[in-house]
Amino acid sequence: MLASVCPAAGQTWELTEVPKPVPGPGEVLIRVHASGLCRNDVWLTDGTYPFPPIEPAIVGHEPAGEVAEVGLGVTARKVGDRVGATWIQSGCGSCDHCRLNLPVTGITGMNCDNPEMTGLTRAGGHAEYLVVPASSTVLLPDELPYEMAAPLLCAGYTSWSALRAANPQPHERVAVLGIGGLGHLALQFSKACGFETVAVTRTPDKHEVARELGADHVVSDGEALAGIGGADVVVVAGTSYEAAAECLAGLRVNGRMVLATIDPSGSFTIDPSRQFFAMGQSILGATHNGLPYLVEALDLAARGAVTPHIEVFAKEEIAEAVDRVAAGEVRFRAVVTY
Ligand SMILES: [Zn+2]
Ligand SMILES: [Zn+2]
């Protein structure tokens with residue numbers, strides 16, 4: 001099969017002929033049709049993060065495709081099922097975290113001593129085929145094309161989990177900081193739920209598109225957010241924790257800020273002059289918070305309430321796709337077809 005392989009940290013991804021994987025017990029072989037390119041995929045291969053210990057190095061955790069083969073003991077999936085797979089496959093089952101017997105979520109991925117993760121510890125989705133545990137897949141709604149489903153498997157899953165974690169109430173105002181792969185979906189999710197929605201972006205040429213995506217107001221930072229009365233919820237969907245900390249200026253009393261992204265170079269620091277101790281506010285973390293949230297996100301997209309804005313690349317264009325994601329030029333999600 002053909003796969004997009006990064007030969008070594010900092011090198012260019014290449015379309016390469018590699019052995020087709022074989023599903024073991026409990027696993028499915030997916031014929032990938034579309035694979036979303038997450039910023040983390042780029043950081044895994046450009047030296048920002050440790051290079052993944054996979055040989056050959058195939059990353060990617062937004063694969064959408066159809067089940068081509070099922071392993072022994074698989075009863076919940078059959079050949080031909082349209083499925084998506086996500087980042088976390090399983091925990092080790094025996095470390096202190098796994099002994100809590102919590103559902104398998106992104107929290108497992110970050111706390112288990114030895115988790116299995118698509119595109120991190122096992123071959124990922126930027127390939128014609130991949131193998132994952134059947135239990136880590138979700139069935140895709142029939143109405144949702146593979147290219148549209150792919151960005152929801154990480155970006156949409158994360159942004160919807162973040163909004164749900166903040167538990168916004170009907171009368172509350174939601175702000176989304178950073179209008180990129182996650183943020184353009186978070187804006188739409190918030191609007192689809194009927195919340196008064198504010199886009200916060202320092203990029204002037206994103207103001208118009210933020211309004212098209214459903215923002216009722218667009219401001220450039222937390223001070224400007226405070227200037228229009230603030231927000232009860234701030235979903236941090238950009239990758240600057242410095243910008244997130246500044247945005248506390250626009251968080252109302254009893255407000256919730258949800259950090260849903262990784263800033264690989266910065267730290268989140270609360271300015272003491274903000275009197276945070278007396279604001280009743282919460283800073284929450286959110287990740288892939290459980291497959292039921294992913295199913296909700298897919299359902300909203302299948303109903304047309306949310307539409308990922310994608311740039312589609314053929315597999316032969318993988319190097320160009322990676323370059324554009326690295327440069328922050330893709331509006332708003334790169335999806336590669338296989
Ligand atoms: Zn991702
Ligand atoms: Zn574990």
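**Reading loops, a zinc site and helix crossings**

Visitor: Where in the chain is Gln 275 found?

Guide: Gln 275 is found in the loop between β14 and β15 (282-285), where helices (H or I, at least four residues) and strands (E, at least two) are DSSP runs numbered from the N terminus. This is a predicted model, in which local features need pLDDT of at least 70, side-chain atom pairs count only at pLDDT 80 or more, and totals for chains, interfaces and linings use all residues. Residues are numbered from 1 along each chain as its sequence is written, chains are lettered from A and ligands numbered from 1 in the order in which they are written, and side-chain values use heavy atoms, with hydrogens and water left out.

Visitor: What is the phi of Gln 275, and is the residue buried or exposed?

Guide: Most residues other than glycine have a negative phi, and most peptide bonds are trans. Gln 275, although not a glycine, has a positive phi of about 55°, and with a relative accessible area of 42% it is partly exposed; buried means under 20% relative accessible area, exposed over 50%, and partly exposed in between (1.4 Å probe, protein chains only). Asn 254, which is found in strand β14 (residues 251-259), is also not a glycine and has a positive phi, near 65°, and its relative accessibility of 48% makes it partly exposed.

Visitor: Which peptide bonds are cis?

Guide: The bond from Glu 55 to Pro 56 is cis, with omega near -5°, and Pro 56 is found in the loop between α1 and β4. The bond from Arg 331 to Phe 332 is cis as well, with omega near 0°, and Phe 332 lies in the loop between α10 (318-326) and β17 (333-337).

Visitor: Which residues are the protein donors of the zinc ion?

Guide: Donors are N, O and S atoms within 2.8 Å of the metal (3.2 Å for Na, K and Ca), and sites may look incomplete because water is not among the atoms. For the zinc ion (ligand 1) the protein donors are Cys 38 (SG), His 61 (NE2) and Cys 154 (SG), which lie 2.0 to 2.3 Å from the ion. His 61, in the loop between α1 (39-45) and β4 (63-70), and Cys 154, in the loop between α3 (146-149) and α4 (155-166), are 93 residues apart, so that this pair links distant parts of the chain. His 61 is buried at 6% relative accessibility, and Cys 154 is buried at 8%.

Visitor: How do the axes of α4 and α5 cross?

Guide: Axes are lines fitted to C-alpha atoms, for helices over the stretch in contact, and angles run from 0 to 180 degrees between N-to-C directions. Under 35 degrees counts as roughly parallel, over 145 as roughly antiparallel, 65 to 115 as roughly perpendicular, and the rest as oblique. The axes of α4 and helix α5 (residues 183-192) come within 9 Å and cross at roughly 45°, and these helices are therefore oblique to each other. Their contact (heavy atoms within 4.5 Å) involves residues including Trp 160 and Leu 163 of α4 and Leu 185 and Phe 189 of α5.

Visitor: How many residues of α5 are buried?

Guide: In α5, 8 of the 10 residues are buried, so the helix is largely enclosed by the rest of the structure. These buried residues pack against α4, β10 (173-177), β11 (196-200), α6 (207-212), β13 (231-236) and α9 (291-302).

Visitor: At what angle do α4 and α9 cross?

Guide: The axes of α4 and α9 come within 9 Å and cross at roughly 105°, which makes α4 roughly perpendicular to α9. Among the residues that meet here are Tyr 157 and Arg 164 in α4 and Tyr 293 and Leu 300 in α9.
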